[in-house]
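Grab a coffee and work through these exercises with the model open beside you. Try each task on your own before reading its solution.

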Amino acid sequence: RQRVQSLQCGQGAVRAARFNADGNYCLTCGSDKTLKLWNPHKGTALRTYQGHGYEVLDAAGSFDNSQICSGGADKAVALWDVSTGQVVRKYRGHAGKINCVQFNEEATVIVSGSIDSTVRCWDCRSRRSDPIQVLDEAKDGISSVKLSAHEILTGSVDGRVRRYDLRTGQLCSDYIGSPITSVCFSKDGQCVLAASLDSTLRLLDKDTGELLGEYTGHRSTTYRLDCVLNELDTHVGCASEDGHVYFWDLLEGSLALSLPVGQGVVQSLAFHPSLPCLLVATQGRVTLWREDTFQPEGDPD
């Protein structure tokens, strides 16, 4: 509920803000074709990565913080070496802009989703330039991709949440009916949260597809907005087109918090993996929010 840092990113509009695996750093994706690495807790910029030909729309860090993957409107997936700032590989094959990228757990595979309606899996260790797998079941653009140890979760503009089980080779599909902007797993792996353009968040049982909860009050009709679960799975959150971030009690469905974070659309939202800590992007700025009781370092008690 309190804003503890504000980063003026200097990247044009910030298209996405993402924590790294342990939450100590974050990545910001700019409309000026750059990617930046920050310590958001101190408010310091650490490095700028340049190599995309058009705006960067999503990025992710590897589990050991040694590599970054990113994707954008130039239809290319880039693999970066964090320490040198150089592009290690570029993967081309998507026919449209790339909305979302993720590493698998070992950071051996990058999974990317595009408005060309496909999800492509790229082997980071191989010299081959073609994807090791293409998932082309979606009938419209892929807006969101998330990975668990053995699953790929996708949200598509065709209104379906698809979950690919890589161990059994099965595909489970749930029809929401409205174009999906973001999907995520709950921390316990039992549920899936999906945000869609009917200004509704839905919590689904992962195995049965049963609708466990619906959350409304925010505005989402036009933009690709992120949804999140907090670090304890007690609250679900969503960005909104009215300059707020909304949080609901997961079980009760009641609105717990409406956080005014800026003017206009909240472009991106990320929740810290283990702390009550939120990263929010509005226009060219990223803000870090903490709990009421949080004392910034060096503050008198």
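**Exercise 1.** Find the bridge partner of leucine 27 in S4, then place the two strands in their sheet.

*Solution.* Step one: leucine 27 has leucine 37 as its bridge partner in S4. Step two: look at the strands themselves, S3 (residues 26-30) and S4 (residues 34-39), which run antiparallel and are joined by four bridges. Strands here are DSSP runs of E with at least two residues, numbered from the N terminus, and two strands pair if DSSP finds at least two bridges between them. Step three: zoom out to the open sheet of four strands, ordered S2-S3-S4-S5 with antiparallel pairing. Strand S2 (14-19) and strand S5 (44-50) are at the edges with a single partner strand each, so one side of each has no neighbour in the sheet. On average, neighbouring strands of this sheet are turned by 20° against each other, direction ignored; the axes behind that angle are lines fitted to C-alpha atoms, and angles run from 0 to 180 degrees between N-to-C directions.

Before you go on, a word on the ground rules. This is a predicted model, so local features need pLDDT of at least 70 and side-chain atom pairs count only at pLDDT 80 or more, while totals for chains, interfaces and linings use all residues. Residues are numbered from 1 along each chain as its sequence is written, and side-chain values use heavy atoms, with hydrogens and water left out.

**Exercise 2.** Work out which strands sit at the edges of the sheet S1-S28-S27-S26.

*Solution.* Start with the order: four strands make an open sheet, S1-S28-S27-S26, paired antiparallel. The edges are strand S1 (2-8) and strand S26 (266-271); each has a single partner strand, so one side of each lacks a neighbour in the sheet. Here too, neighbouring strands are turned by 20° against each other on average, direction ignored. Now check the pairing of S1: six bridges join S1 to strand S28 (residues 285-290), and the two run antiparallel. Within that pair, glutamine 5 is opposite leucine 288 in S28.

Next, pick out valine 280, which lies in strand S27 (residues 277-282). Is valine 280 buried or exposed? Valine 280 is buried, at a relative accessible area of 0%; buried means under 20%, exposed over 50%, and partly exposed in between, with a 1.4 Å probe and protein chains only. Leaving out residues up to four places away in sequence, valine 280 touches residues including Val245, Val261, Val286 and Trp289, where contact means heavy atoms within 4.5 Å.

**Exercise 3.** Describe the surroundings of serine 70 and find the polar contact of its side chain.

*Solution.* First, locate serine 70 in strand S7 (residues 67-72). Second, check burial: serine 70 has a relative accessible area of 0%, which makes it buried. Third, list what serine 70 touches, not counting residues up to four places away in sequence: among them are Leu35, His52, Asp58, Trp80 and Val101. Fourth, the polar contact: the side chain of serine 70 meets the side chain of histidine 52 at 2.7 Å. A polar contact is a pair of N or O atoms within 3.5 Å; within protein, one must be able to donate a hydrogen and the other to accept it, and residues adjacent in sequence count only if both atoms are side-chain atoms.

**Exercise 4.** How many disulfides does the structure hold?

*Solution.* The count is zero, with a disulfide taken as a pair of cysteine sulfur atoms within 2.5 Å. Take cysteine 29: its nearest cysteine sulfur, in cysteine 69, is 9.7 Å away. Cysteine 29 is buried, at 0% relative accessible area. Now take cysteine 172: the closest cysteine sulfur belongs to cysteine 191, 14 Å away, which is too far for a bond. Cysteine 172 counts as partly exposed, at 31% relative accessibility.

**Exercise 5.** Inspect the hairpin of S16 and S17 and find the residue with a positive phi.

*Solution.* Begin with the strands: S16 (residues 160-165) and S17 (residues 170-175) run antiparallel, joined by six bridges. Arginine 160 has tyrosine 175 as its bridge partner in S17. Then look at the four residues between the strands: in this hairpin, glycine 169 takes a positive phi near 75°.
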